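Visitor: I have a fold open on my screen and would like to learn how to read it. Could you walk me through it?

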Amino acid sequence: MVSMQAPLQAPDVGRETMLTDIWGTPDVLRNLLQVYMKNGSVEIPGLREKLPAGHGLAGKTPLEIMSACSQKRMPSGFMNRFSVIGSGTSWHATLLAEYLIEYMARIPVEAHYASEYRYHEPALRLGDVVIVVSMSGETVDAVESIRQITRHPEMGKSVLKVAVVNNSSSSLASECDLVINVRAGAEVGVASTKGFSATGFVFELLSLALADECDTWSADTERSSFVKRLQELPESMKEVLDREAKPLMQTSTDKPIGIGECPLWDIGCQNVLAQNFIFLGRGCNFPVALEGAMKCKELAYIHAEGYPAAEMKHGPIALIDEFMPVVVVCPRADATYEKIKSNIEEVKARNGATIAITEKYNDELEQLCEYVIALPETHEYLMPLLAMVPLQLLAYMMGILRNNTVDHPRGLVKSVSVKLEESGGY
Ligand code: F6R
């Protein structure tokens with residue numbers, strides 16, 4: 001554990017900052033529920049509308065085309081490819097989409113980096129699905145990934161192209177058959193926070209729609225417990241934000257944050273001088289471990305790596321000593337909870353400091369770990385979105401403590417666009 005005292009400097013009081021982005025996440029999710037769910041069913045505009053004449057898949061709806069890729073529809077025969085593509089934080093969202101869609105709708109999904117996808121020649125087939133995720137809708141790798149499909153001599157018009165964007169008038173949106181707007185609103189921070197959460201939430205909704213269409217729920221109760229937790233998620237997030245972010249928003253030079261007032265701030269203070277961090281998670285929490293590590297690099301300028309928890313023993317474990325904080329997303333709701341607990345024990349055995357993110361009242365992790373960040377109960381598939389909030393806040397707080405320009409991290413731009421590529425700017 002490497003600690004420093006909380007500075008007396010007030011962080012960004014009274015102006016819009018990345019903290020206000022994160023603070024706004026529950027409202028974004030509430031709005032998505034209101035706009036995209038009607039009477040318990042997912043009603044994303046365009047999802048159930050037939051593709052027009054001239055398209056190779058004319059007459060079919062995007063929902064039908066996507067669900068035709070399900071294992072349940074094609075138990076042993078020909079199956080179409082379902083690819084999800086993105087860059088950076090949006091790539092982490094594609095990885096989350098892969099887990100969610102596979103778990104819920106039994107559709108095999110491939111996540112790709114846009115920067116790689118645009119340069120390989122995919123073997124496309126009639127009825128394949130390609131979803132490109134880009135908040136700006138202008139990231140050159142994302143836009144070029146779609147263009148290379150459109151340019152394909154035989155299959156250009158026979159693949160369903162979907163844009164998941166935060167800007168419906170973007171270049172990417174204009175080139176796709178279906179546009180799903182994540183409705184996150186503008187972000188103050190160059191590094192994305194509520195944009196990731198909104199995208200993840202849209203994939204929760206899309207997975208629900210696909211599970212309904214593919215009839216993959218094992219029982220009605222399974223669906224209703226997921227939907228109940230989905231609707232509760234904004235309030236659960238608000239509970240975490242009230243505890244962990246409100247003290248930071250209300251602090252001033254006259255009234256700095258006191259020890260014990262904000263658990264996450266204390267954890268930030270005690271670990272901010274670390275030179276490296278490891279983030280672990282399994283299943284659908286693995287993408288969140290990657291995104292937590294990315295935020296740590298971008299905002300705190302601390303080197304960090306994210307791994308699927310069990311991979312640690314295949315190499316990274318050699319790095320663990322008393323100077324290595326290890327953040328572990330380990331909800332009891334996770335099917336591999338016991339295994340993650342033994343990963344934590346391996347870290348402890350090497351004197352690493354563990355920061356566990358789990359549900360409230362987890363006594364055994366309270367005993368085992370240096371720090372526990374407690375979350376409200378939620379559904380296993382929704383935990384990644386809830387766990388993301390403290391990870392974003394921790395990186396933000398450590399950035400503040402290190403006096404970094406958290407809203408505009410060095411070397412980053414909001415969108416690596418066509419213009420920037422042409423100017424050789426990246
Ligand atoms: C990280 C971040 C970047 C973007 C990436 C893709 O915080 O913001 O990694 O996620 O440049 O941007 P979009 O989503 O606009 O394509």
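Guide: We'll take the sheets, then the helices on them, then the largest pocket. Keep in mind that this is a predicted model.

Visitor: What holds the strands of a sheet together in general?

Guide: Backbone hydrogen bonds do the pairing, and the strands can run parallel or antiparallel. Here, one open sheet has five strands in the order 4-3-5-6-7, with parallel pairing.

Visitor: Which strands stand at the edges of that sheet?

Guide: Those are strand 4 (110–113) and strand 7 (178–181). Each has a single partner strand, so one side of each lacks a neighbour in the sheet. From one strand to the next, the twist averages 20°.

Visitor: How many bridges join strand 5 to strand 6?

Guide: Six, and the two strands run parallel. For a spot to click on, take valine 129: its bridge partner in strand 6 is leucine 160.

Visitor: And what does helix 6 touch when it packs on the sheet?

Guide: Helix 6 touches strand 3 (82–86), strand 5 and strand 6. Its direction makes about 160° with that of strand 5.

Visitor: What is the strand order in the sheet that contains strand 9?

Guide: That open sheet reads 9-8-10-11-12, five strands with parallel pairing. Strand 9 (303–308) and strand 12 (371–375) are at its edges; each has just a single partner strand, so one side is left without a neighbour in the sheet. The twist averages 15° from strand to strand.

Visitor: Where could I look at the pairing of strand 8 and strand 9 up close?

Guide: Try isoleucine 278, whose bridge partner in strand 9 is glutamate 305. Strand 8 (residues 276–281) and strand 9 pair in the parallel sense over six bridges.

Visitor: Which strands do helix 12 and helix 15 lie across?

Guide: Helix 12 (residues 286–300) lies across strand 8, strand 9 and strand 10 (325–329), and runs at about 180° to strand 9. Helix 15 (residues 383–401) lies across strand 8, strand 10, strand 11 (353–359) and strand 12, at about 130° to strand 12.

Visitor: Now the largest pocket: what is its volume, and which residues are closest to its centre?

Guide: The volume is about 730 Å³. Of 32 lining residues, Ser87, Gly88, Thr89, Val413 and Lys414 are the closest to the centre.

Visitor: Which elements supply at least two residues each to the lining?

Guide: Helix 4 (88–105), strand 5 (129–134), helix 6 (140–150) and helix 12 each do. By type, the lining divides into 12 nonpolar, 14 polar and six charged residues.

Methods:
Residues are numbered from 1 along each chain as its sequence is written. This is a predicted model: local features need pLDDT of at least 70, side-chain atom pairs count only at pLDDT 80 or more; totals for chains, interfaces and linings use all residues. Side-chain values use heavy atoms; hydrogens and water are left out. Two strands pair if DSSP finds at least two bridges between them. Helices (H or I, at least four residues) and strands (E, at least two) are DSSP runs, numbered from the N terminus. Axes are lines fitted to C-alpha atoms, for helices over the stretch in contact, and angles run from 0 to 180 degrees between N-to-C directions. Contact means heavy atoms within 4.5 Å. On a 1 Å grid over the protein atoms alone, a cavity is a set of points where a 1.4 Å probe fits but cannot get out, and a pocket is an open set with protein on both sides within 12 Å along at least five of seven lines; lining residues have an atom within 4 Å of a point. Grid points are joined across faces, edges and corners, and a volume is the space filled by probe spheres set on the points. Ala, Val, Leu, Ile, Met, Phe, Trp, Tyr, Cys and Pro count as nonpolar, Asp, Glu, Lys and Arg as charged, and the others, Gly among them, as polar.
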